[in-house]
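Trainee: I would like to take a close look at one part of this model, and then have you walk me through its surroundings with some care.

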Amino acid sequence: MRFDKLKKQLELLILLSDAHNYTVQELCERMDLSRRNFYYLLDFIKNAGFIVFKNEGCYHIDRRSPFFAQLLHTIQFTDNDVKTIHSLLTMAGNGSETVNLLRQKIDNAYNFSVTVNSPVRRQMENNLKVLMRAIEQKTMVRLIGYSSPNSHTVKDRIVEPFFLMNDSQDIRCYELLSGTNKTFKISRMASVEEVDAAWLHEDRHRKVFTDIFMFTGEERQRVKLRLGQLSHNLFVEEYPQGSHLLSQNGDGSWLLDIEVCDYRGLGRFVLGLFRDIDIIEGEGFKEYMRKEVEEMRKSLSPSPSPNREGDSLSPNPSPNREGSSLSPNPSPNREGSN
């Protein structure tokens, strides 16, 4: 009985997710359900977090529902994902029939053959191969002829590579000369040479992270927020890749448990919806918001305008002009008048 109920729930999800909008009558007929049982299943789907719309008597599920956003984020490959997979298959060589078949399938689907066979692409493949081996063996490398637009130099650098980033387009390294962690683009390396020396500064290695607001940093700060219906819906719509960070509370609100590299992105979201959001955890974020609110208050406070020449803010009456009086008593007679 329980499995029959689950089957009906999944069947309704599939029907409400396809491109055809069904009326209640059509859904009941296709699923062999009474209207009462249909609405029971529909309430279950809504309470599970799916966004259900009704338009002109027809129902459908919004693809921006948290479940779909999380599912697509989990299983869907981006273009960079596919390029990285193809690069790894290329570096694996031709010794495996399975590898050759997979590489050929991706090449047929994405037409990588032109770019993969270019000299620049082949050099990047070689660089990546050396860097991956150095990470695995925890050894240093020399980045030969690294072109840096920041320092306007092209020179060699001795580094300890430890973390590939951005679909293996960039690599995080500890540079011995500067004693700092830096991110290097693999495409800017003329070549990479292995150095017969083990890491010396592993305790100083720091990865760099990018939060969902696209701020980056070496440290992450955890914040917990209670979201109402409006802030929950807008968060899912604007940041679907972060839907897995949400969990529903028993009172109908939602808990957002998130790590950020910089408070500015999350602060912008909270300030715009402050009436619908409570900060549950994160003392650093609370202090940041207090300062932001105080700065906003100061910027909105009216400032006293400077006095004009001759004006007075004194509560006392100003001196009488010649021939005039602000006194309720009659003024002295002018010369020659009665």
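Where does glycine 252 lie?

Mentor: Bearing in mind that this is a predicted model, glycine 252 is found in the loop that runs between strand β12, residues 246-248, and strand β13, residues 254-260. With a relative accessibility of 40%, glycine 252 counts as partly exposed, because that value falls between the 20% below which a residue is called buried and the 50% above which it is called exposed. Glycine 252 can also be placed relative to asparagine 47, for although the two are 205 residues apart in sequence, their C-alpha atoms are 9.1 Å apart in space.

Aspartate 170 makes a useful second point of reference, since this residue belongs to strand β6, which covers residues 170-175, and is buried, with a relative accessible area of 5%. The side chain of aspartate 170 is joined to that of lysine 185 by a polar contact of 3.2 Å. Leaving aside residues up to four places away in sequence, aspartate 170 touches Phe163, Leu164 and Met165, and also Thr183, Phe184 and Lys185, so that lysine 185 appears both in this list and in the polar contact.

As for the cysteines, cysteine 173 counts as buried at 0% relative accessibility, and cysteine 58 counts as buried at 16%, because that value is under the 20% limit. A search of the whole structure for disulfides finds 0.

Methods
Residues are numbered from 1 along each chain as its sequence is written. This is a predicted model: local features need pLDDT of at least 70, side-chain atom pairs count only at pLDDT 80 or more; totals for chains, interfaces and linings use all residues. Side-chain values use heavy atoms; hydrogens and water are left out. Helices (H or I, at least four residues) and strands (E, at least two) are DSSP runs, numbered from the N terminus. Buried means under 20% relative accessible area, exposed over 50%, partly exposed in between (1.4 Å probe, protein chains only). A polar contact is a pair of N or O atoms within 3.5 Å; within protein, one must be able to donate a hydrogen and the other to accept it, and residues adjacent in sequence count only if both atoms are side-chain atoms. Contact means heavy atoms within 4.5 Å. A disulfide is a pair of cysteine sulfur atoms within 2.5 Å.
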